[in-house]
Structures are given as structure tokens and as C-alpha cells.
Amino acid sequence: MGREIGFEYRLVLRSGNDLGVVRLPLAFGEKVLDVSGASGFRVEGSELVLPTSGRTAEMTVTGTLPKVGVFTPDPRSAYEWWLFESDAEHRLTVKGARQVDAAESPIPRTQATSRLLLVQRGQRVEVAVEPLASVEVLAAVVRGHRRTVVLTERGDLVADDTLTYENSGIDYLNYAPGGRPIYLATDARAQRIMHQGTATEEILVPLQTGSHTIQVQSLAQAAVRPLGGTMELPMPSYPLTASQVALTVGLPERVVPLALLGGDRPVWFADAGDAVAVVLGFVAAWIAVRPRAARGRGRLVALRALGGVVLAGLWFLSPALYVALLVGLATAVAAWFAARLLRGAGRAAALVVLVAAGGLALLIGLFALSVSRDSSRAESPYEARVASAPAAVSRSKDDDKAGGAALAPGGAVLEGVTPVALSLPSAARSLHVSRELVTRERAFRPVLVYTTASALAPLVLLWLAGAALLLAAHRAPLAEIYRRAAVRLARRPEDDPPQGSGGARPGAAPPVR
């Protein structure tokens, strides 16, 4: 049983007299195509006429059946062997007779689904066939696709793609890199960049059977608006399913990312650590901002909110200064409580301990900030890609002979020449986004939401104005602290009254407390 139902009858005839002409009934609608072992045959109505000679004969009848259903043996047969087979696209069900080992079949088997039945006289066999629907399978798949795109100050997009694929028989891959291709390598070996016909936007990447790696570099252009906006980053297109596509975007100093959309999860400019720093900034400002000149509760709340905004903004402008200021405020608050709770030598010792603890906390905070920056850079896919990207691929004499050693004037790319890899440009910031199961129908289209340093300049000026306003509101207590510090530093030891004396020395200025 397959797309059509074929049959093969093997007849063994014996008789005490000459067989003569044997008539075989075609009870199942058989269409006879050939008979071997007979001098000739013909079909008369629903019977097959087989001329024979002698008392024994062996014949093989082949043909096709219109359908399957219920089969019964010929009444002249003592028993019959029935062998049923089906291909992989059909499911076969056989009932009604005893099934025996298929190895005993007098007819050679051709399929693994063979079923051999020994049918006795008077028995019947019921056969049903169910066609199975075929589905498309993946002949090649991209296990992982890692793409790094770096935007330069002039608006050039330098892309570097690394694909790890599994192939079972595809010869070439139509690959559209999303820009002008400048480098192609398979398993770290440079290849010529070839196009098919006039389709210059696609290149033909030769695929090998098994697991291999492809590296492709391309160049594109992007327009950066003065005040920011959105930018759809170019992505390559190919007719294979990618299990995972990871994108790393490197940006120059003047481009400030706000969000990177299009992946499984959006990537924002701030994370949980930034949120904690902002909350700590508002809490510290609420405790530290206590201006004497503030009249009314509403103005005090406004100044405290302004202090929180200034401290939170300082985290994004200078994290080191933010940590130093936060440690200084915490030390000052602890010293204030120590001055209120302790007196004499105990207060002095507490102040010394607090100053030392504040300095140690400052060093620990700056060190932790530096370590976190270094670890984030080390874990950044862009930093890892830059570290592993070759400055150029060394070329042997055989490669020069195969690809040609001539270069175009000005170092341009020549068609048919084996390319060399381009080093990735430097970047001040990088973002990483990924997406699972990417196909042409479910394409990965990342969108970068950004602003620029020019657009953020007014915000920096507003931050400076807020900081100046806070300093002006605390001008009186700051001036008092400065005056007391100046008096303390200007006082000499001989000006202090001796211990145990009831008053000051004649002619000496009264001590300032």
C-alpha cells in the first residue's frame, strides 16, 4: 500500500492431469499488468485466463487494486500466505487471521511494516489503510546568532554577525546582511563574497554538512537626529529558523540610549540598581535638607523634593561623587546624633571613629563601584566581541593566489577577492537584547529610542540651577559651619584655659564655644 495499491500473486498449481487453461477469479477488482510463468494471458470479464501445460505450474501475477477491504482465499486453495506492506505515508490495519513471523514469508519483504498472515480455507481478512499527512521539517537551523552593531560618530553602522548552524543537506544560504557585505568567513577561514545574478542585496554563503560557524561583516548608514528619536536597526535576513538571536548595540558618546525595543523583553536606560540609587537619594535629601530660611511646610517639602531630584541626578552624572556625598551625609547625621548623646572625651572619641568609618565606607563604595563597572564591561557582549575580533586575517600565499592580491585604489573592496576582517570601532555605551525563535514570518526588528547630549544639555543646566538653589537655601548654616571651623583652626593651644581653673586667664579672649 502506497500512493497506489499494488499486488503480487504467486501461484503454485498441481494436478493429477494436465492443467490446461486455468481461470483465476479477479474478485477484488484487480487490474492485471503482467504474468510471468505463462505463455500468454488474457482477462475475460472478472476472470484471468492462464494457459498452462503439464501437471504443475508456477506463475507470478502483478498489477494494481482499486481499494482494499475484505479478502478471502480461493476455494481451491488449502491455505494461502498473505503478506501486507505499506510505505511510511500510510498506516495499515489487518484483522481476521493468524499473524505469523514475517521471516517465513515465501514472498520477499520490501518494507519494515510487513505483516504475514496464514489464511485457512473459509477465513477472511479485513484490511484498512489510513493515509498519513506529511509535514515540513527543518533541513538546516541556526543554533545561535550573535550580532554586534556599532554606530560611529559619522553615522556609520558597522555590523559583525556570528552564526552557528546545523546543516543536513543545504548547499547554499541566501543571506541578506542588512548592509554592504565586506567580510565572510566559514569556521574562521575567509571566503569570497559571491552574489547570485543581479540580487546584490543577498550573498551566497556555502554551507557544509554538520555544525559550523559563519562570520559576516557589513556596513550601513544611519541618520542621527540632533535631539533624538527612534532608529530601526538593520538586521540580516535568511530563510532559516534561528533558535536565538542576540543583538549588542554600541553607541558613541553623543548618543544616549533610552530604550531598546523588539526583543523578548525591552531594555531600558535604567535598571533596578539605578532605582535603588534614586530612592536612596530622595531619602537622604529628605533627611539632610533643613533650611532655616524656609517658611511654611509647602516650601520645605518643595526644597526636599528638589534635593531628591538633585541627588538622583547626581547618580547619573557622576556615580563616584554621588557615593561620596551620600557617605558624607550619613557621617554628618551620625556625628550629629553622637554630639547630642555624648559629652566630653566620649564625644570626641565617637567623632574620630565616625570620621574613620566614613572614610573607610567611602573607599569601599568607590571600590565596589569600580568593580561593578569592570565586571559589567567584562560581561558585556560588545566588550567580549571587541576583544575577540581580529584586526585582520592573515593571508597565506595560496589565499593570495586564489583570491588575488591586488587592491583597489584607496583600499576599496574588490569583487572576487578574499576579504579580511575589519576591527570593530570603539563605543562609549552598549546595550544587549535577545529574542528566541526568529523566522522570516516572525522577524526580529529592534528599535532604538535615543536622545543626544545636545538635548540633555538643558537638563544639566537645570540640575546645576537646582543645586545652586539648594546651596542658597542653606547659605546661613553653611556660613555658620565655615565660621566655626575657621575659629577652631585659628585658635592656639595657649588660648585654652588650664584644667581646674575657674575662669579665663587675665587678658585672654573668652573661648568660643
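**A three-stranded sheet and a nonpolar patch**

In this predicted model, three strands form an open sheet in the order E7-E12-E9, and their pairing is antiparallel. The edges of the sheet are strand E7 (70–71) and strand E9 (90–95); each has a single partner strand, so one side of each is left without a neighbour in the sheet. Strands of a sheet pair through backbone hydrogen bonds, and the pairing may be parallel or antiparallel.

The pairing of E7 can be followed residue by residue. Strand E12 covers residues 125–131, and two bridges join E7 to E12. Opposite valine 70 stands glutamate 126, a residue of E12.

Another feature lies on the surface. Val279, Val283, Trp286, Ile287, Val301, Val333, Trp336, Phe337, Leu341 and Leu342 make a nonpolar patch of about 940 Å². Which elements give two or more residues to the nonpolar patch? They are helix H1 (272–288) and helix H3 (319–341).

Tryptophan 286 belongs to helix H1. Is tryptophan 286 buried or exposed? Neither word fits: its relative accessibility is 42%, and because partly exposed covers values between under 20% for buried and over 50% for exposed, tryptophan 286 counts as partly exposed.

Helix H3 has 23 residues. From the first C-alpha to the last, H3 reaches 33 Å, close to the 33 Å expected at 1.5 Å a residue. While H3 gives two or more residues to the nonpolar patch, H3 also has buried residues, namely Pro319, Tyr322, Val323, Val327, Thr331, Ala338 and Ala339.

Technical notes. Residues numbered from 1 in each chain as written. Predicted model: local features only at pLDDT ≥ 70, side-chain atom pairs only at ≥ 80, totals over all residues. Heavy atoms only, no water. Patch = residues over 30% accessible without salt bridge, like charges linked within 9 Å, V, L, I, M, F, W, Y side chains within 5 Å. Areas by Shrake-Rupley, 256 points an atom, 1.4 Å probe, with all protein chains shown as cover. Salt bridge = Lys/Arg side-chain N within 4 Å of Asp/Glu carboxyl O. Helix = DSSP H or I, 4+ residues; strand = E, 2+ residues; numbered from the N terminus. Buried < 20%, exposed > 50% of the residue type's maximum accessible area, 1.4 Å probe, protein only. Pairing = 2+ DSSP bridges. Expected span 1.5 Å × (residues − 1).
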